[in-house]
Amino acid sequence: MIQTRNIPISLPHTGEEEWLAIREPLMSGWLTQGPKVAAFERAFAERHQVKHALATTSCTTALHLILAALGVGPGDEVIVPAFTWVATANAVLYCGAKPVFVDVDRTTFNIDVSRVASKITSKTKAIIPVHLFGLCADMDALAAATPGIPLIEDAACAAGSAYKGRPAGGLGLAGAFSFHPRKSITTGEGGMVTTDDDALAEKMNSLRNHGASISEEQRHHGPKPYIMADFGHLGYNYRMTDLQGAVGLVQLTKLDRFIDERQRWAEFYHRELREVTWLRAPLVPTGYRHGWQAYVTWVDENEAPMTRNQVMERLQALGVSTRPGTHAVHMQGHYRRQFGYRPEDFPGAMRCDRYSMAIPLHNRMTAEDFQYVVDAIKAI
Ligand SMILES: Cc1ncc(COP(=O)(O)O)c(C=O)c1O
């Protein structure tokens, strides 16, 4: 095969409409969290069927905000899957608490629910199931296995995903989304917390604005210019800008189209790659709406003509970008040093780290691009 293309693993789908959308905040001079963020939050809450959505600077800060609002602190434990982006566990460390890893199910890449109950102690304050690559964790099974413990969804990859007909973000006590450019919809950087809990939303609203008792808008647009907020809690500046809010509003109107397109191309990959016996397609259990943030396959090195890394190099040489799905967090330097983990401590996560392979799936790809990826894989 001769290289005729260069297909990135992911490309954000932004353009003229997003460009026009940032004009209004730029011209108005209100650049930080304001009316555009408020409108984005309302639209996001409606789409994900939750009472409250609060925009943040990232999913990482969204996760931290939720944990901080729940009062998670030193001496506490929070359960997280061992195969996820490092930020899921880092957010726990920011609170001075301990992330307690649970291995993942290699067929879904999500937390292995059967292993969670044995990790619960009197110190467990929350569990963060991750909806990895856009496939929801089995939330009902998890809730049944861990009664009374708050479930916080790491929905970084799951805007628009659903589980048994219910959108991600409303499946636990709170959810955290990402709008990083590798996600289906983007605001450059950015995140969102979601919850149906009024008191938690109020606390998070204050904590993302330095712990202030009133918002910037109330302060600057109200009739009493001498009013200053009281800072009753140690908070953070996790506010999204109105430029990002304006982009997010436009992107959100495209979310379902993006996912439908990705779903169709995921089906194309399933069909066309079925004969490649060394490559396992991602599993979608019945009752789930996969958000297809990424199409993550599994290279079976017992059957493949070469190792996963050699497959990735060969595809790269053919102009097809691939990436490991994500990484095993317990194998990262900081976690190895702080907790003394060995790769075999979580064998499922270790194997996902070694054998998973995301292939390109995004909304800027053409039919020819998808066919090219299939042909390149079949040529191995
Ligand atoms: C599962 C998961 N959690 C958290 C994050 C962090 O998101 P952000 O980059 O918005 O902080 C990511 C980002 O890739 C992720 O994939």
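**Two sheets and a ligand shell**

Strand β12, spanning residues 295–299, pairs with β13 in the antiparallel sense, and four bridges hold this pairing in the model, which is a predicted one. One position where the two strands can be followed residue by residue is Trp298, whose bridge partner in β13 is Ser356. The pair belongs to an open sheet of three strands, arranged in the order β10-β12-β13 with antiparallel pairing. At its edges stand β10 (279–280) and β13 (356–359), each of which pairs on one side only.

Two helices lie across this sheet. Helix α10, made up of residues 308–317, lies across β12 and β13 and runs at about 20° to β13. Helix α12, residues 347–355, also lies across β12 and β13, but its direction makes an angle of about 45° with β13.

A further open sheet is built from three strands in the order β3-β2-β4, and here the pairing is parallel. Because β3 (98–102) and β4 (124–127) stand at the edges and have a single partner strand each, one side of each is left without a neighbour in the sheet. On average, neighbouring strands of this sheet are turned by 30° against each other, direction ignored. Within the sheet, strand β2 (residues 77–81) runs parallel to β4 and is joined to it by three bridges. For readers following along in the structure, Ile79 is a handy place to look: its bridge partner in β4 is Ile127. Helix α5 lies across β2 and β3, and it runs at about 150° to β3.

Helix α5 also leads to the ligand. In total, 14 residues surround the ligand, and the closest are Cys59, Thr60, Asp154, Ser178 and Lys183. By class, this shell contains six nonpolar, six polar and two charged residues.

Which side chains place an N or O atom by an oxygen atom of the ligand? Thr60 does so at 2.5 Å. Ser178 has a polar side-chain atom 2.7 Å from an oxygen atom of the ligand, and for Lys183 the distance from a side-chain N or O atom to a ligand oxygen is 2.7 Å. Taken on its own, the ligand has 390 Å² of accessible area, of which the protein covers 89%. The elements giving two or more residues to the shell are α4 (59–69) and α5 (86–94). Helix α5 thus appears in two settings: as a contributor to the ligand shell and as the helix lying across β2 and β3 of the parallel sheet.

Definitions and conventions: Residues numbered from 1 in each chain as written. Predicted model: local features only at pLDDT ≥ 70, side-chain atom pairs only at ≥ 80, totals over all residues. Heavy atoms only, no water. Near = heavy atom within 4 Å. Polar contact = N/O pair within 3.5 Å; in protein donor to acceptor, adjacent residues only side chain to side chain. Areas by Shrake-Rupley, 256 points an atom, 1.4 Å probe, with all protein chains shown as cover. Nonpolar A, V, L, I, M, F, W, Y, C, P; charged D, E, K, R; others polar. Pairing = 2+ DSSP bridges. Axes fitted to C-alpha atoms, helices over the stretch in contact; angles between N-to-C directions. Contact = heavy atoms within 4.5 Å.
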